[in-house]
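Subject: A structure for you to look at

Hi,

Here is the structure I promised to pass on. Open it up and have a look, and then read on for what turned up in it.

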Amino acid sequence: MSFGLLILRLVVGLLIAGHGSQKLFGWFGGSGFAKTVGMMKSQGFKAPRLWASLGSLGEFGGGLFFALGLLTPLAAIAIVASMLMVVVKFHWSKGLWGAKGGFEYPLVLLVVTLFVGLVGAGSYSIDALIGFALPLPVTLVFLLLAILVVAVGVMQSRQRTQDTSKQMAA
């Protein structure tokens with residue numbers, strides 16, 4: 001089981017880290033941080049630099065830590081929060097299936113990272129090497145806080161988008 005978790009963590013974590021690096025640094029054909037901030041602004045986010053930082057670092061740092069099995073529950077929560085924002089804010093309106101721009105892929109990443117964050121990284125991880133584990137109740141509290149932060153961001157961006165639409169119509 002631990003070897004399977006290692007493979008899963010490496011593939012998922014490194015892919016998510018790579019995606020975050022596109023947003024932060026423009027690596028792997030990405031647009032870089034300035035354009036990520038601009039995209040967040042265009043989507044109605046108040047403090048778009050903050051939201052771009054949270055999402056990009058959640059993916060990049062969370063992905064790297066997840067791949068290494070380092071502070072795995074916290075890394076998983078960072079990824080879950082990023083993917084939840086992606087699902088709700090950017091893909092939900094397009095439906096489930098990715099062929100139409102839907103949320104199927106970010107949902108899979110969310111569920112996989114949540115699962116590993118809850119069951120642990122396995123014995124082939126830095127967490128196992130250093131003896132790091134968070135009690136389940138503490139992990140769940142952090143998870144709920146992350147979900148709350150995402151909910152606030154989505155609600156504020158929707159409010160701002162609606163306000164802008166009303167101003168343009170007037």
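Let's start with some rings: F25, W27 and F60 form one aromatic cluster. Before you go further, keep in mind that this is a predicted model.

Staying with that cluster for a moment, how do F25 and F60 face each other? They make an edge-to-face aromatic pair, with 5.3 Å from centre to centre and 85° between the planes. F25 sits in helix α1 and F60 in helix α3, so their pairing ties together parts that are 35 residues apart in sequence. The two don't have equal cover, either: F25 counts as partly exposed at 41% relative accessibility, while F60 is buried, with a relative accessible area of 19%. Buried here means under 20%.

The whole structure holds six aromatic pairs. Another one to find is W92 with F103: the ring centres are 4.7 Å apart and the planes are at 15°, so this pair is stacked. Both residues lie in the loop between α4 and α5, so the pair ties together parts that are eleven residues apart in sequence. Is W92 buried or exposed? W92 is exposed, at 52% relative accessible area, whereas F103 is buried at 10%.

Now zoom out. The protein has seven helices and zero strands, so don't spend time hunting for a sheet. From the N terminus on, the order of elements is simply α-α-α-α-α-α-α. The radius of gyration is 17 Å, close to the 15 Å that the globule rule gives for 170 residues, so the protein is as compact as a globular protein of that length. Along its principal axes, the C-alpha trace spans about 60 × 35 × 30 Å.

What about the inside? Buried residues make up 39% of the 170 residues. In soluble globular proteins, nonpolar side chains tend to be buried together. In this model, the largest nonpolar core has 30 residues, and V12, F66, M83 and M85 touch the most other members. Helices α1, α2 (33-42), α3, α4 (72-91), α5 (104-119) and α7 (136-169) each supply at least two residues of this core. Which helix gives the largest share? That is α4, with nine residues.

M83 is a good one to click on. Leaving aside residues up to four places away in sequence, M83 touches E59, P106, L109 and L110.

E59 has a second role in this story. A search of the whole structure finds one salt bridge, and E59 is in it: its side chain meets that of K23, at 2.8 Å from N to O. E59 lies in helix α3 (residues 48-68) and K23 in helix α1 (residues 2-25), so this pair ties together parts that are 36 residues apart in sequence. Both E59 and K23 are buried. So helices α1 and α3 are linked by this salt bridge, and also by the F25 and F60 ring pair.

Two last numbers for your notes. Among contacts between residues at least 6 apart in sequence, 66% join residues at least 24 apart. On the outside, the protein exposes about 9400 Å², and carbon and sulfur atoms supply 73% of that.

Have fun clicking around!

Conventions. Residues are numbered from 1 along each chain as its sequence is written. This is a predicted model: local features need pLDDT of at least 70, side-chain atom pairs count only at pLDDT 80 or more; totals for chains, interfaces and linings use all residues. Side-chain values use heavy atoms; hydrogens and water are left out. A salt bridge is a side-chain nitrogen of Lys or Arg within 4 Å of a carboxyl oxygen of Asp or Glu. Helices (H or I, at least four residues) and strands (E, at least two) are DSSP runs, numbered from the N terminus. Buried means under 20% relative accessible area, exposed over 50%, partly exposed in between (1.4 Å probe, protein chains only). A nonpolar core is a set of buried Ala, Val, Leu, Ile, Met, Phe, Trp, Tyr and Cys residues joined through side-chain atoms within 4.5 Å. Contact means heavy atoms within 4.5 Å. Rings of Phe, Tyr and Trp (its six-membered ring) pair if their centres lie within 6.5 Å; planes under 30 degrees apart count as stacked, over 60 as edge-to-face and the rest as tilted. The radius of gyration is taken over C-alpha atoms; the globule rule is 2.2 Å times the number of residues to the power 0.38. Accessible areas come from the Shrake-Rupley method with a 1.4 Å probe; for residues, only the protein chains shown count as cover.
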